[in-house]
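Hello,

Here is the structure we talked about handing over. My notes on it follow below.

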Amino acid sequence: MEMTLRWYGSKFDTVSLNQIRQIPGVKGVITTLYDSAAGDAWERERIAALRAEVEAAGLSIAGIESVNVHDAIKAAAPQRDMYIENYIKTLENLGKEDIHLVCYNFMPVFDWTRTELARVRPDGSTVLAYTQAAVDAMDPEKMFASISGKTNGRVMPGWEPERMARIKELFELYKDVSDEALFANLKYFLEAIMPVCNKYDIKMAIHPDDPAWSVFGLPRIIINEENILRMMKMVDDPHNGVTFCSGSYGTNPENDLPHMIRSLKGRIHFAHVRNLKFNSPGDFEEAAHLSGDGSFDMYEIMKALYETGFSGPIRPDHGRMIWGEVAMPGYGLYDRALGAAYLNGLWEAIEKGAVKKVAQSA
Ligand code: DNO
């Protein structure tokens with residue numbers, strides 16, 4: 001595996017490339033053109049400039065998160081072929097700049113959903129949190145208003161104001177889109193982009209829906225093992241793979257994370273590893289990466305990745321806000337750096353343990 005950190009670009013992130021470079025074991029970043037809108041064709045010059053900036057800091061681009069998919073593609077609206085063309089152009093330009101991993105999602109209207117951006121935990125840290133009761137009691141427009149005032153002045157991924165201004169129109173677009181239709185639309189998109197992915201060896205890594213169930217009555221499909229295996233089989237190409245995000249699949253306690261990792265062997269192109277703490281089935285908050293701070297066994301998750309030969313980029317995911325840091329919720333430096341160090345430590349122990357075992361049995 002290759003340890004990385006997500007970085008939004010110098011215009012948008014409070015964390016600098018120089019800081020990232022000092023986190024032990026981190027050699028690459030996962031980044032994006034954060035000011036591009038879903039549906040834009042990315043120009044090669046802009047990608048090249050981003051790459052040059054990252055490389056000048058002694059790091060490399062390990063992948064893009066995200067190249068967002070336009071809602072017309074997800075909902076099979078009339079302009080979808082035009083937006084697919086643009087997506088293909090973007091992939092082509094990424095390939096030409098030697099970038100071979102793209103994380104994206106197929107969630108209608110929203111990206112991830114949380115109901116609190118700064119729940120205070122007993123140790124005084126603040127974290128993102130979710131309660132189903134709060135979602136059930138809220139209409140989506142109000143939800144955006146309640147989120148947008150608390151982002152520490154940063155635009156949250158998936159909650160861009162331009163997008164949210166069109167929320168009614170977006171809901172209208174999905175009115176007749178069932179889960180089955182969403183699967184069909186995903187298949188159409190993947191079939192159209194696979195030739196360019198093959199040509200440039202670009203691994204597509206779909207991010208799960210977070211939380212892993214329908215919110216506000218919208219269709220959601222990337223939620224469990226059955227659906228993700230279906231999605232891989234329906235376009236059976238090694239470039240059609242997944243981002244294994246423990247914090248997203250793990251929102252549903254019925255998802256057995258190590259088991260899922262084993263079933264997805266060979267098709268996990270990217271991993272987001274973080275921990276959650278459940279207070280009750282419909283109420284969870286994000287925890288420190290350490291197993292003991294939340295509800296997941298992080299050792300078992302890392303072991304499953306190790307044992308299935310995972311060799312792609314991995315990143316610590318949402319961190320808590322600690323030590324007085326003010327940053328985009330979930331994306332400060334301190335707690336994510338602690339997460340990277342912890343995950344690296346688990347990996348080293350698992351790897352050395354495995355090598356010793358082989359030596360002993362020889
Ligand atoms: C949340 C992230 C998601 C993810 C997208 C991928 O913090 O994990 O926003 O980047 O869903 O397209």
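R274 is buried, its relative accessible area being 1%; the cut-off for that label is under 20%. Please keep in mind that this is a predicted model. R274 sits in the loop that links β9 (268-273) to β10 (276-280). Its side chain makes a polar contact of 3.2 Å with the side chain of D210, and a polar contact of 3.2 Å also joins the side chains of R274 and E286. Apart from neighbours within four places in sequence, the residues in contact with R274 include R114, C245, S246, G247, S248 and H289, as well as F296, M298, D317 and H318.

T251 is the next residue to look at. Its place is the loop between α11 (246-249) and α12 (257-263). With a relative accessible area of 0%, T251 is buried, because the label applies to anything under 20%. A polar atom of the T251 side chain lies 2.7 Å from the backbone oxygen of S248. S248 is also one of the residues in contact with R274. Leaving out residues up to four places away in sequence, T251 touches D210, P211, A212 and W213, and also L276, F278 and F284. D210 therefore appears in both places: T251 touches D210, and the side chain of R274 has its 3.2 Å polar contact with D210.

Now the ligand. It is surrounded by 14 residues, of which the closest are E65, S66, D111, H318 and Y331. Three of these place a polar side-chain atom by an oxygen atom of the ligand:

- E65, at 2.5 Å
- H318, at 2.6 Å
- Y331, at 2.7 Å

On its own the ligand has 330 Å² of accessible area, and the protein covers 98% of that. H318 ties this site to the first part of these notes, since H318 is among the contacts of R274.

Last, the surface. Which residues form a nonpolar patch there? They are W323, Y334 and L338, and together they have about 340 Å² of accessible area. L338 belongs to helix α14 (residues 334-361). Is L338 buried or exposed? Neither label fits: L338 has 40% relative accessibility, so it counts as partly exposed, a class that lies between under 20% and over 50%.

Regards

Note on methods
Residues numbered from 1 in each chain as written. Predicted model: local features only at pLDDT ≥ 70, side-chain atom pairs only at ≥ 80, totals over all residues. Heavy atoms only, no water. Helix = DSSP H or I, 4+ residues; strand = E, 2+ residues; numbered from the N terminus. Buried < 20%, exposed > 50% of the residue type's maximum accessible area, 1.4 Å probe, protein only. Polar contact = N/O pair within 3.5 Å; in protein donor to acceptor, adjacent residues only side chain to side chain. Contact = heavy atoms within 4.5 Å. Patch = residues over 30% accessible without salt bridge, like charges linked within 9 Å, V, L, I, M, F, W, Y side chains within 5 Å. Areas by Shrake-Rupley, 256 points an atom, 1.4 Å probe, with all protein chains shown as cover. Salt bridge = Lys/Arg side-chain N within 4 Å of Asp/Glu carboxyl O. Near = heavy atom within 4 Å.
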